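Colleague: Please pick one part of this model and take me through it closely. Then show me how it sits in the rest of the chain.

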Amino acid sequence: AAFDDMVSRSVPFYGEIHRIILDLTRYYTGKSSTIYDLGCSTGTTMALIDKAQKEQGKHVLLIGVDNSEEMLKVCKKKLNRKKVRDFELICDQIENIKFKKSDMIIMNYTLQFIPPKVRSDLLSRIHKSLKKGGILILSEKIKSEDNTTGKLLTDLYYDFKRRNGYSELEIAQKRQALENILKPMTTHQQLELLKKAGFKNSENIFRWYNFASY
């Protein structure tokens, strides 16, 4: 129930990332398309895409994947309330999914929570499942190449959270909760992983301190 408020105050430019995704859907969807949202949480991204596709006279099948049943319950209610036309919701670990052919796959701050040892295989399967000319949109928290810059960017990120109303206790608790779960990579490592998975062209299209989109 608290996720939407939390994520908007925790992820820098969360709304702008959605704007970028909607811009890209104009170029990578046809009259009828299939889009995956891996780690769909409460379905905000799916609802926005459906609205944009309707306005363009297009039809889209949206497939949301999340490993939280509670999150998907909220997602289903939201999508029904927003009158999203055609969607499927799958409750499972992303690495277990057998992908249908699709035009676009979105991973917003999701890959960073998947065990590093299975990321390469997962991205390879994602690449193979995309239709010719398809696109993967990947947003991640990243780490710096050197520790000094990394500490600075982390401190600046905590300043951002303080500006958005988080207390020192809340910041510390969140940091502790994610310490052994969120495993970020450097931009260089991320691009190399995408290249190894088969993506011929990968580009960093957005960055704010230690958050990046490709």
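Modeller: What follows is a close look at one helix, then one strand residue, then the whole chain.

This is a predicted model, so local features need pLDDT of at least 70 and side-chain atom pairs count only at pLDDT 80 or more, while totals for chains, interfaces and linings use all residues. Residues are numbered from 1 along each chain as its sequence is written, and side-chain values use heavy atoms, with hydrogens and water left out.

Start with helix α5. Helices here are DSSP runs of H or I with at least four residues, strands are runs of E with at least two, and both are numbered from the N terminus. Helix α5 covers residues 116-129, which makes 14 residues. The expected span is 1.5 Å times one less than the number of residues. That gives 20 Å for α5, and its end C-alpha atoms are 21 Å apart, which agrees.

Now look at which residues of α5 are hidden. Buried means under 20% relative accessible area, exposed over 50%, and partly exposed in between, with a 1.4 Å probe and protein chains only. In α5, the buried residues are R119, S120, L122, L123, S124, I126 and S129. They pack against strands β1 (32-38), β4 (102-108) and β5 (130-141), and against helix α8 (187-197). Contact means heavy atoms within 4.5 Å.

Take S120 in helix α5. S120 has 17% relative accessibility, so it counts as buried. Leaving out residues up to four places away in sequence, S120 touches L193, K196 and A197.

Next, go to β1, one of the strands that α5 packs against. I35 sits in β1. Its relative accessibility is 1%, so I35 counts as buried. Beyond its neighbours within four places in sequence, I35 contacts T25, T29, I49, V60, L61, L62, I63, M104 and I106. T45 is 10 residues from I35 in sequence, and the two C-alpha atoms are 11 Å apart in space.

Finally, step back. The chain has eight helices and seven strands. Buried residues make up 46% of its 214 residues. Among contacts with a separation of 6 or more, 80% join residues 24 or more positions apart. The C-alpha atoms fill a box of roughly 50 × 40 × 30 Å along the principal axes. The radius of gyration, taken over C-alpha atoms, is compared with 2.2 Å times the number of residues to the power 0.38. For a compact globule of 214 residues the rule gives a value near 17 Å, and the chain has 17 Å, which agrees.
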